[in-house]
Number of protein chains: 2
Amino acid sequence: MTTINAATYPIHFDEKAYNELTSLISKKNYSSIFILVDDNTLEHCYPRFMQLFATDKPIEVIQIDAGEIHKNIETCMGVWNVMTELGADRKSLLITLGGGVITDLGGFVASTFKRGIDFVNIPTTLLSMVDASVGGKTGVDLGVLKNQIGVFANPEMIVIDAEYLHTVSTREIRSGTAEIIKYGMTHDIRLFNEIKDNDQVNIVDLIHRSIEIKNEVVLEDPKEQDIRKVLNWGHTIGHGVESYFLENPKKEALTHGEAIAIGMVCEAYLSSEILGFPEEKVSEIKEAIIKIYGKIAIEKNDFKAILELMKHDKKNVAGEINFVLLKDYEDFKINCKASEELIKKSLAFYNA
Amino acid sequence: MTTINAATYPIHFDEKAYNELTSLISKKNYSSIFILVDDNTLEHCYPRFMQLFATDKPIEVIQIDAGEIHKNIETCMGVWNVMTELGADRKSLLITLGGGVITDLGGFVASTFKRGIDFVNIPTTLLSMVDASVGGKTGVDLGVLKNQIGVFANPEMIVIDAEYLHTVSTREIRSGTAEIIKYGMTHDIRLFNEIKDNDQVNIVDLIHRSIEIKNEVVLEDPKEQDIRKVLNWGHTIGHGVESYFLENPKKEALTHGEAIAIGMVCEAYLSSEILGFPEEKVSEIKEAIIKIYGKIAIEKNDFKAILELMKHDKKNVAGEINFVLLKDYEDFKINCKASEELIKKSLAFYNA
């Protein structure tokens, strides 16, 4: 797969990416290398990484607990302290090897350690390959609020090696697939159709095309002033649903993709009501999503709490909930508003 | 006093600065305004600020505990949570009203909240006027390590109103004076001479000239790759001494300026040994510093711990302690090394 050039850094694919990483490290002459992993990636990904990666610099591995619940400032404190104890300096490099928690948190830890050291992202889950590791967003959650604390900071390089996908569950693959479907609906319907119509897909091709789309959007609007908001398709309601299931002890937590998939169904409904998005496509989306993700029970008395959580979304200004909606496939409109009544109706539509 | 233009923002002086602040707020159309204060500045500075500042936007005051010991991530967590509860969004403005703890911590909190909101610094101590609030550095301490966690981020504006200096102690004024002396030795010896030779000085003039010097240095090298390191004159040993006195329960904590003043004496000694800085100027510095700051007891068995703390200084790479030293007044050299033996000798020189 061909290299994709992001704003200030390359995204390399396949095994040749490790040679590029080795070159970067000798060119930049880092003083030491830190590799951030969690218990899963230490066991399942780190061996492959060390087989393909060569350096004569000192290497230290820092392990954190796996899971979104650990994507917080307390975990950052732990990593900052370990890096300090191990003598990390301004010329150290942090390599993140893991899913979105590792790449988001690791990028934030690196960008704030001694006011910023270099980092390289090696996403190992589908979700982090097509979304979290690309685009310069780093951050951690504050309580139930996702990515409330963070900075915009670019890695020196991203390594995309689809072999790591053999180490993750099919549920994780389904989760990342939701982001690919998202890019399909807003920019290239082929992606949605291939997933919808086939049991077997060429995943490396879908990843490459997804990153291409995300990269084009981010290059145009890195700080999310404007057009980058399109990447939040399905996410306004999706994040509310995700936070609600995470904080509610009676609910089993959803994956990010499962929540975003629900969000896309609801926001397709809003698109139809507000922008005249064709009703048959709303049905097509609902049917495809439920076929892939199953039907999640969201009851009527969950709606109010989900709405409250949506109001804390970072995209909102002056308390107004902000949507990107579709006029048609590949034809979106940012900065749309919907009444609370209509948002509740959209949740009821998913639920029906 | 004339406005100083920093990289991306103006530094306004005196009462007219409040009009500029009012203009900024209406031009940027912020959704809400948060004012970060500590117990001292809430009581002594906030009333003056509210008298001179006019806005029709919603204002919320956030108070933290005063003191360097609270300049940490736990305090940031508190502020992030309060801002979240009060509905701060990406178009909110944070105004910091206080000393270096407030401006450094506030800048960091703002730069990382929802990946960055605007902030304005209003320093109320001499130290923060001439140093902390200018130059784009934000951050908090990690344990005893000063500013270990932070980012480079510029405010939208700085307001310098020397009237606030009536609210601080003479010990604080002496602390800030050390930074003015620093600019004097490295860039404009007039500043050092005026302080050394006079009991009464025109403080507003000294502040304005100090900021001018710092701003020129920062414009040339914003990220401290190179020439900006000159601002660490006296700080390599000074930070070690400051951390040591802070963490040692048997010692009374020093102000930043008191520690930096000791650092300048020690580093003048190193300058003489390593770069041939004239010995009579070393004596002149030691005499002037002890006259202003008194003699602090640093015993021989403190030296090792101070050296250990110096090794964690952010400026170090690969474990080597990095100094800026003087060949003469207004003639410095960055990236100098000194043996541990010589560093201990320089502490003994101060102590003699």
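This is a walk through a predicted model, going from the parts of one chain to the pairing of two chains and then to a few single residues.

Let us start inside chain A. The domain assignment splits chain A into domain 1, residues 4-168, and domain 2, residues 171-351. Taken over C-alpha atoms, the centres of these two domains of chain A are 27 Å apart. The domains touch one another through 25 residues of domain 1 and 32 residues of domain 2.

How much area do the two domains of chain A bury between them? The figure is about 2600 Å², and carbon and sulfur atoms give 70% of that area. A word on why such a number is quoted: the size of an interface is often given as the accessible area lost when the parts come together.

Charged and polar groups also meet at this boundary. Three salt bridges are found across the interface of domain 1 and domain 2 of chain A. Side chains of opposite charge can pair when their charged atoms come close. In chain A, Lys137(A) and Glu224(A) make a salt bridge, with 2.4 Å between the closest N and O atoms. Nine residue pairs are in polar contact across the interface of domain 1 and domain 2 of chain A.

Which elements build the side of domain 1 of chain A that touches domain 2 of chain A? Strand E1 (4-5), strand E2 (10-13), helix H6 (126-132) and strand E8 (145-149) of chain A each supply at least two residues. The largest share of that side comes from H6(A), with five residues. Sorted by class, the side of domain 1 of chain A that touches domain 2 of chain A has 17 nonpolar, five polar and three charged residues.

Now bring in the second chain. A turn of 180° with a shift of 0.0 Å along the axis lays chain B on chain A with an RMSD of 0.0 Å. That is the relation of a two-fold axis. Looking along chain B for the C-alpha nearest the axis, you arrive at Ile73(B), which is 4.1 Å from the axis. The same surface serves both copies, since 100% of the contact residues of chain B recur in chain A.

The contact between the chains takes 36 residues from chain B and 36 residues from chain A. Together, chain B and chain A bury about 3100 Å², with 60% of it on carbon and sulfur atoms. Two salt bridges are found across the interface of chain B and chain A. Arg90(A) and Glu224(B) form a salt bridge, their closest N and O atoms being 3.6 Å apart. Eight residue pairs are in polar contact across the interface of chain B and chain A.

On the side of chain B that touches chain A, helix H4 (73-85), helix H5 (100-112) and strand E8 (145-149) of chain B each supply at least two residues. H4(B) gives the largest share of this side, six residues. By class, the side of chain B that touches chain A divides into 12 nonpolar, 13 polar and 11 charged residues.

Stepping back, the structure holds 48 salt bridges over all chains. Glu258(A) and Arg171(A) meet through their side chains in a salt bridge of 2.8 Å, N to O. Glu258(A) lies in helix H11 (residues 256-275) of chain A and Arg171(A) in helix H7 (residues 170-187) of chain A, so this pair ties together parts that are 87 residues apart in sequence.

Our last stop is a single residue of chain B. Where is Pro58(B) found? Pro58(B) sits in the loop between helix H3 (46-52) and strand E4 (59-64) of chain B. Leaving aside neighbours within four places in sequence, Pro58(B) is in contact with Ser31(B), Ser32(B) and Ile33(B). Lys28(B) is 30 residues from Pro58(B) along the chain, and the C-alpha atoms of the two are separated by 14 Å.

Definitions and conventions. Residues are numbered from 1 along each chain as its sequence is written. Chains are lettered from A and ligands numbered from 1 in the order in which they are written. This is a predicted model: local features need pLDDT of at least 70, side-chain atom pairs count only at pLDDT 80 or more; totals for chains, interfaces and linings use all residues. Side-chain values use heavy atoms; hydrogens and water are left out. Domain bounds come from an automatic or database domain assignment. Contact means heavy atoms within 4.5 Å. Buried area is the accessible area (1.4 Å probe) that two parts lose on being put together, summed over both. A salt bridge is a side-chain nitrogen of Lys or Arg within 4 Å of a carboxyl oxygen of Asp or Glu. A polar contact is a pair of N or O atoms within 3.5 Å; within protein, one must be able to donate a hydrogen and the other to accept it, and residues adjacent in sequence count only if both atoms are side-chain atoms. Helices (H or I, at least four residues) and strands (E, at least two) are DSSP runs, numbered from the N terminus. Ala, Val, Leu, Ile, Met, Phe, Trp, Tyr, Cys and Pro count as nonpolar, Asp, Glu, Lys and Arg as charged, and the others, Gly among them, as polar. Copies are superposed by least squares on the C-alpha atoms of residues with pLDDT of at least 70 in both.
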